[in-house]
Amino acid sequence: MADEKQQEIKPLPPYLFRPTAIMRLFHEAAREGFKDISRCLSECEKSLTQESVNTLVGTFNELLICIDIHKNHEDNALYPAVVKSIKERLENKNYVPSKEQLENGLKEVPSFGEEHKVDHEKLHRIESGLSSLLEAVQKKDNAAESKKNFDSLSVEFNAWLKYHEDHLKHEESVLAPLMKNVGANKQDKVKIARTLLALNRDLVLKHQFGYVLKQLLKVETWFCPMTKHEYKDNEILIAYVNCFRAMSETQELFQPFWDKAVEILNDEQVKELKSYGVDKK
């Protein structure tokens, strides 16, 4: 009987079954990544060495790869799905959440792609600055030039951190009220989520999934404006991993994500995810 009880699967509350939540949860992971960048900049400020610069480069590159994957999801899957949904609601006079918000969304969503282009330019300047800084710190008796390069790069980094945070807030303010009605039902939302993963499943598995999961471990609580639920304890982890269960058509496709989650999470966290059946299709 004890074994049977252990195998009982608890029902997954609606706020934990949100197939497209990988997009919003990436924002929270990125914000943790921004903190990592800021800490690296502080360490370089204190001690500008080849080691501290290498740590900054590694931390930045890891986040940059994940941001590129996320932008691809948005530009080629999420934004088109949202625009399509808005147009259908307007044509059918289904003004949810409101006609004004739908019309505003139709105007604002295309601007996100333009912001991505500006963001890309800023990131290119940072990459160039990091290359120059690495070259400078590798030279002997070059402290003055290294400091000059770092000061210039630090300005670029802080400008980008602010710009990207403003971009995230812009997206969230527009998309939060619109996303609830993207897809008529749960099955439609799953279909949309699967178009995201289909773009670059291998890259997501190799780079983004583990990165985001590790960053979400740092998030103590998070209030979701869509579900009006405050995620705490392991709830945000359950919601995130369950996205990939929903997005994977078969257990075979989901298994690599689950295996990676088991590598990252502790035994108690894995046990709780299993209690909701998140490990199986």
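Begin by selecting helix α3 (residues 50–91) together with helix α5 (residues 143–179), and turn the view until one lies in front of the other: in this predicted model, α3 passes α5 in a left-handed crossing. The axes of the two helices come within 12 Å and cross at roughly 25°, which makes α3 roughly parallel to α5.

To see what fills the space between these two helices, show the side chains on both sides of the contact. From α3, the residues to display are L56, F60, L63, I67, K71, E74, L78, Y79, V82, I86 and R89, and they meet L153, F157, W160, H164, H167, E171, L175, L178 and M179 in α5. If you colour this set by chemical character, the contact of α3 with α5 divides into 14 nonpolar, 2 polar and 4 charged residues.

Next, keep α3 on screen and select L63, which lies in that helix. Is L63 buried or exposed? With a relative accessibility of 0%, L63 counts as buried. Once its neighbours within four places in sequence are set aside, the residues in contact with L63 are A30, G33, F34, I37, W160 and Y211, and W160 is also one of the α5 residues in the helix contact described above. While L63 is selected, you can also draw a distance from its C-alpha atom to that of L273: the two residues are 210 residues apart along the chain, and these atoms are separated by 26 Å.

L273 leads to a second pair of helices, since it is one of the α9 residues in the contact with α7. Select helix α7 (residues 235–247) and helix α9 (residues 267–275), whose axes are 10 Å apart and which pack at an angle of about 60°; the two are therefore oblique to each other. Here α7 passes α9 in a right-handed crossing. In the contact itself, L237, I238 and V241 in α7 meet Q269, E272 and L273 in α9, and these residues divide into 4 nonpolar, 1 polar and 1 charged.

From α7, step back along the chain to D233, which is placed in the loop between β2 and α7. Although D233 is not a glycine, it has a positive phi of about 55°, and with a relative accessible area of 64% it is exposed. Then select K228, in the loop between β1 (221–224) and β2 (229–232). K228 likewise is a residue other than glycine with a positive phi, in this case near 60°, and its relative accessible area of 58% makes it exposed.

Now move to the loop between α3 and α4 (99–137), where P97 is found. Show the backbone atoms here and look at the peptide bond from V96 to P97, which is cis, with omega near 10°.

Finish with the cysteines. How many disulfides are there when sulfur atoms must lie within 2.5 Å of each other? The count comes to 0 disulfides. Select C44, which is in no disulfide, and then C40, which holds the nearest cysteine sulfur, 6.8 Å away. C44 has 2% relative accessibility and so counts as buried. The last residue to select is C66, whose sulfur is 15 Å from the closest cysteine sulfur, in C40, and therefore too far for a bond. C66, at 1% relative accessibility, counts as buried.

Notes: Residues are numbered from 1 along each chain as its sequence is written. This is a predicted model: local features need pLDDT of at least 70, side-chain atom pairs count only at pLDDT 80 or more; totals for chains, interfaces and linings use all residues. Side-chain values use heavy atoms; hydrogens and water are left out. A disulfide is a pair of cysteine sulfur atoms within 2.5 Å. Buried means under 20% relative accessible area, exposed over 50%, partly exposed in between (1.4 Å probe, protein chains only). Axes are lines fitted to C-alpha atoms, for helices over the stretch in contact, and angles run from 0 to 180 degrees between N-to-C directions. Helices (H or I, at least four residues) and strands (E, at least two) are DSSP runs, numbered from the N terminus. Angles under 35 degrees count as roughly parallel, over 145 as roughly antiparallel, 65 to 115 as roughly perpendicular and the rest as oblique. A crossing is left-handed if the near helix is turned anticlockwise from the far one by less than a right angle, and right-handed if clockwise. Contact means heavy atoms within 4.5 Å. Ala, Val, Leu, Ile, Met, Phe, Trp, Tyr, Cys and Pro count as nonpolar, Asp, Glu, Lys and Arg as charged, and the others, Gly among them, as polar.
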